[in-house]
Amino acid sequence: MMPRNPYRMDGPALVSFSGGRTSGYMLHQILDAHNGQLPSDVHVVFFNTGREFEQTLRFVHECSVRWQVAITWLEYDPAEPFDTSVVGYNSASRDGEPFEKIIKVRGFLPNPTMRLCTHYLKVKRGIAFMRDMLGYGEWVNVVGLRHDEPRRVARQKAMNEAGKERFETVLPLDQARVSRQDVSAFWKRQPFDLGLPDNNGKTPLGNCDLCFMKGAATIKGIMRLFPERARWWIDMERNAPALGTLTKPEMALFRADRPSYRELLNFVRRQRDFEGGPSDDCLPCDCTD
């Protein structure tokens, strides 16, 4: 008996495309497994937070056009039905608007233990799309975690075992034993690419530009290249006390265990170089590459 192709999807299914190389590779493999045409109940979705680099948005759009696959762009918007707005490449937010809206609605900044951003901007938008907008009672979430990400894979499998959601998450890249090197090799053979630096298979500029889950050295490195990207994060921390629900001063920071974004930017401006490398304090995030 032939083993089942992990990229063959039995719908209904939601394929989460983060806009990175890994999830792009996964989407390509899924399309190949279906001879280039997805079943009508398999939906590819990109969750836009408004803090992605323009290269990410172009990459999502280019994958859709080149591979002739429909990709639905979703944003958090409390003014829309189900708190969800369907946008596209031209109309997508580019200055953190969905992110800022959830901060104002919830009344505090996300942090490593309460990741409002991932939960409300991505997970709940997927639920709203599949359950409320399309009417599915249950479905599978297809997520691009590779085989060489064992901790994240194990965490996701444990969440499946808990059975708290109406969907089950499947990890075809883990099943296919795909590594970071496999993904890098694939994109080197393609006629287009993400357009963001690939550092040994890692993309420090990927996902939200200065995500608080990235290490301080990584954030300082990005600030050195793109100091204007710090403005939004600094503004969010500066305006946090005005939300009126903060009970502790440290809640006005995305990370209470390190300097504010303003202090990080000031450090970068004062120093010619910054320390970084293997000791960088990156934390595992639910957002995939």
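This short presentation describes the confidence, the annotated domain and the central sheet of one chain.

Good morning, colleagues. Please keep in mind that the structure before you is a predicted model. The average pLDDT of the chain is 91, and 90% of the residues score at least 70. One stretch calls for caution: over residues 273-279 the pLDDT stays under 50. For that stretch the model has 8 contacts beyond four places in sequence.

Let me turn to the annotation. An unreviewed UniProt entry carries the domain annotation "Phosphoadenosine phosphosulphate reductase", which covers residues 14-185. Within residues 14-185, helix accounts for 45% of the chain and strand for 16%. The C-alpha atoms at the two ends of this range lie 26 Å apart.

Now to the sheet. In what order do the strands of the open sheet run? The order is E4-E3-E2-E1-E5-E6, a total of 6 strands with mixed pairing. At the edges are strand E4, residues 84-87, and strand E6, residues 167-170, each of which pairs on one side only. From one strand to the next, the twist averages 35°.

I would draw your attention to one pairing in particular. Strand E1, residues 13-16, runs parallel to strand E5, residues 139-142, and 3 bridges join them. Within this pairing, Leu 14 of the chain has Asn 141 in E5 as its bridge partner.

Finally, which helix packs on the sheet and touches strands E2 and E3? This is helix H2, formed by residues 54-67. The strands that H2 touches span residues 42-47 for E2 and residues 71-76 for E3. The direction of H2 makes about 150° with that of E3. Thank you for your attention.

Conventions. Residues numbered from 1 in each chain as written. Predicted model: local features only at pLDDT ≥ 70, side-chain atom pairs only at ≥ 80, totals over all residues. Heavy atoms only, no water. UniProt positions renumbered as here; feature names shortened; annotations may be inferred. Helix = DSSP H or I, 4+ residues; strand = E, 2+ residues; numbered from the N terminus. pLDDT = per-residue confidence, 0-100. Contact = heavy atoms within 4.5 Å. Pairing = 2+ DSSP bridges. Axes fitted to C-alpha atoms, helices over the stretch in contact; angles between N-to-C directions.
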